[in-house]
Amino acid sequence: MINKHTIITLFFLVSFGCENQNSEETEQEEIVVLDIVSSDVNEEPYYYNFHENLNDSTDWQLMYHNQEIVGTGYSMPNISLDSTKVMFAVDSVMVFDDIIDSPSMSSFMNSVSDLNYLGKYEILSYDMTVHKVSTSNLVYFIYDLNSHQVFKLFFNDYSAGVISFKYAELHSNNIHNHD
C-alpha cells in the first residue's frame, strides 16, 4: 500500500521534472530585449557596446553624434557604426518583436555610410517642413565581425537630442541556419 507521503513525494518529483524541462525549452527560445536611452547628443557623443550593454567610448559598435552636413554650416544628429567591427542588414517588412532569426550572411553590408543622414537606410531623418527629427521604421541587424554575434535593433524615438532604442541578441546558431 502506498502511503500519503509517498504520493506527495512522487507528485513533487514529477512536477519538478516537468517544470525543469519546460524552463529549459523556454530558456532556449527566449530573446531578451534591452531598452536603451542615450545621453543628450548636444552635450557629448554617445557610444554603445552591445556585448557589454553599456555606454563605452573606448570599445563601441554604435556611435550617436552630431555630424556636420558639408556645405550647410549645420549639423544633424546621426547614428554611425564602426565598420571595422560590424556589418549591418535591414528589414522593412517584419516587426521587431516577431523576429527570432538572423537574416542570411549575404544580407549583411559594410556600407555603414548608408545609415547616415540622407543615406539609403538612414536611421534619423530630418523633415525641414516641420523641423522635426524622426527615427526610421526599419529593423536593423548588427553582425559583430569578431564574436559573430547578431543583434536586432530598433530605434524607438528621438526627442530633444536623446534617442531611445531597443535591441536583442539573436542566438548565434540562427545565422548559420540561413546560409
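Here is a short tour of the nonpolar cores and of two buried residues, I142 and D56, in this predicted model.

**The cores**

Let's start with the largest nonpolar core, which has 27 residues. Within this core, F50, L153, F155 and F165 have the most contacts. Strands β2 (46-49), β4 (62-69), β5 (74-81), β6 (86-91), β9 (139-144), β10 (150-159) and β11 (162-170) each give two or more residues to the core, and β10 supplies the largest share, 4 residues. Another core, of 13 residues, lies apart from the largest one and includes M87, A89, F141 and F154.

Looking beyond the four places on either side in sequence, F50 is in contact with Q61, L62, I142, F151, L153, F165 and Y167.

**I142**

One of those partners, I142, sits in strand β9. I142 is buried because its relative accessible area is 2%, against a cut-off of under 20%. Its contacts outside the nearby sequence include F50, L81, V86, F108 and L153. S102 is 40 residues from I142 along the chain, and their C-alpha atoms are 9.5 Å apart.

**D56**

Now for a charged residue: D56 belongs to the loop between β3 (54-55) and β4. D56 is buried but has no salt bridge. Leaving out residues within four places in sequence, D56 is in contact with Y47 and N49. The table gathers the distances from its side chain.

| Partner of the D56 side chain | Distance |
|---|---|
| T58 side chain, polar contact | 2.7 Å |
| D59 backbone nitrogen | 3.2 Å |
| K85, nearest side chain of opposite charge | 7.9 Å |

Definitions and conventions: Residues are numbered from 1 along each chain as its sequence is written. This is a predicted model: local features need pLDDT of at least 70, side-chain atom pairs count only at pLDDT 80 or more; totals for chains, interfaces and linings use all residues. Side-chain values use heavy atoms; hydrogens and water are left out. A nonpolar core is a set of buried Ala, Val, Leu, Ile, Met, Phe, Trp, Tyr and Cys residues joined through side-chain atoms within 4.5 Å. Buried means under 20% relative accessible area, exposed over 50%, partly exposed in between (1.4 Å probe, protein chains only). Contact means heavy atoms within 4.5 Å. Lys and Arg count as positive and Asp and Glu as negative; His and the chain ends are not counted. A salt bridge is a side-chain nitrogen of Lys or Arg within 4 Å of a carboxyl oxygen of Asp or Glu. A polar contact is a pair of N or O atoms within 3.5 Å; within protein, one must be able to donate a hydrogen and the other to accept it, and residues adjacent in sequence count only if both atoms are side-chain atoms.
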